[in-house]
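Hi,

Here is the structure I promised to pass on. Please have a look at it first, and then read my notes alongside.

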Amino acid sequence: MKKKFIQKFQINWDKIILYVRNHFYIEGEIDLIGIIYLIGIQELGKGKNIFLNREDKINILHISICRILEPFGYYKFIGRDKEGWPHYLLINNLPFLNKEEQSFLIKKAIIRYMNEENILEDIHKS
């Protein structure tokens with residue numbers, strides 16, 4: 001059972017990497033932070049041609065993490081500010097996770113997000 005879950009998980013993750021590679025010009029390896037950033041840009045909804053300073057980029061990563069972990073009960077969307085930036089409230093603290101567990105949780109959340117947003121219609125829920 002666990003082996004089948006891991007195989008399905010890896011197939012879905014590979015589909016996400018392929019999707020990103022086919023829809024965005026990214027030099028080199030596609031990493032987890034890059035995918036998190038793309039989700040944050042999607043959630044911000046401001047378009048491609050806006051100037052983002054370092055603080056904005058960090059906030060975009062935060063938006064993404066909040067959004068993808070919201071279905072797991074860690075955050076709750078509370079609205080957008082006057083500039084249109086989404087805001088979340090921490091509902092439950094994340095448990096302490098080692099690097100591997102943290103990566104697995106984030107990847108699982110990204111797979112769920114991509115499925116929910118119909119970005120990858122053929123990814124089945126893990």
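Below is what I found, going from the core to the helix contacts and then to a few single residues. Please keep in mind that this is a predicted model.

**The cores**

The largest nonpolar core has 22 residues. Those with the most contacts inside it are Trp 13, Ile 16, Ile 35, Ile 68, Leu 69 and Ile 110. Four helices each give two or more residues to this core: α1 (2–23), α2 (32–44), α3 (54–69) and α4 (99–116). The largest share comes from α4, with seven residues. A second, separate core has five residues, including Leu 44, Leu 52, Ile 60 and Trp 85.

Ile 35 is a good place to start exploring the larger core. Setting aside neighbours within four places in sequence, Ile 35 is in contact with Trp 13, Ile 16, Ile 17, Val 20, Ile 30 and Ile 110.

**Helix α2**

How does the span of α2 agree with its 13 residues? At 1.5 Å a residue the helix should span 18 Å, and its end C-alpha atoms are indeed 18 Å apart. Its buried residues are Ile 35, Ile 36, Ile 39, Gly 40, Glu 43 and Leu 44. Among the elements that cover these buried residues are α1, α3, α4 and the strands β1 (75–80) and β2 (86–90). After α2 comes Gly 45, which has a positive phi, near 70°.

Glu 43 may catch your eye, as a charged residue in helix α2. Its relative accessibility is 14%, so Glu 43 counts as buried, the cut-off being under 20%. Not counting residues up to four places away in sequence, Glu 43 touches Ile 63, Arg 67, Arg 80, Pro 86, Tyr 88 and Tyr 113.

**How the helices pack**

For α2 and α3, the axes are 7 Å apart and the packing angle is about 85°. Angles of 65 to 115 degrees count as roughly perpendicular, so α2 and α3 are roughly perpendicular to each other. On the α2 side, the residues that meet α3 are Ile 33, Ile 36, Tyr 37, Ile 39, Gly 40, Ile 41, Glu 43 and Leu 44. Their partners in α3 are Lys 57, Ile 60, Leu 61, Ile 63, Ser 64, Ile 65, Arg 67 and Ile 68. By class, this contact of α2 with α3 has eleven nonpolar, two polar and three charged residues.

The axes of α3 and α4 come within 9 Å and cross at roughly 75°. By the same cut-off, α3 and α4 are therefore roughly perpendicular to each other. Here Ile 65, Arg 67, Ile 68 and Leu 69 of α3 meet Leu 105, Ile 106, Ala 109, Ile 110, Tyr 113 and Glu 116 of α4. The contact of α3 with α4 holds eight nonpolar residues, no polar ones and two charged ones.

**Two more residues**

Lys 76 sits in strand β1 and is partly exposed, with a relative accessible area of 49%. Its C-alpha atom is separated by 5.2 Å from that of Leu 89, 13 residues apart along the chain. Beyond neighbours within four places in sequence, Lys 76 is in contact with Glu 70, His 87, Tyr 88, Leu 89 and Ile 91.

Is Gly 28, in the loop between α1 and α2, buried or exposed? With a relative accessible area of 53%, Gly 28 is exposed. From Gly 28 to Phe 77 there are 33 Å in space, C-alpha to C-alpha, and the two are 49 residues apart in sequence.

Best wishes

Conventions:
Residues numbered from 1 in each chain as written. Predicted model: local features only at pLDDT ≥ 70, side-chain atom pairs only at ≥ 80, totals over all residues. Heavy atoms only, no water. Core = buried A, V, L, I, M, F, W, Y, C linked by side-chain atoms within 4.5 Å. Buried < 20%, exposed > 50% of the residue type's maximum accessible area, 1.4 Å probe, protein only. Contact = heavy atoms within 4.5 Å. Expected span 1.5 Å × (residues − 1). Axes fitted to C-alpha atoms, helices over the stretch in contact; angles between N-to-C directions. Parallel < 35°, antiparallel > 145°, perpendicular 65-115°, else oblique.
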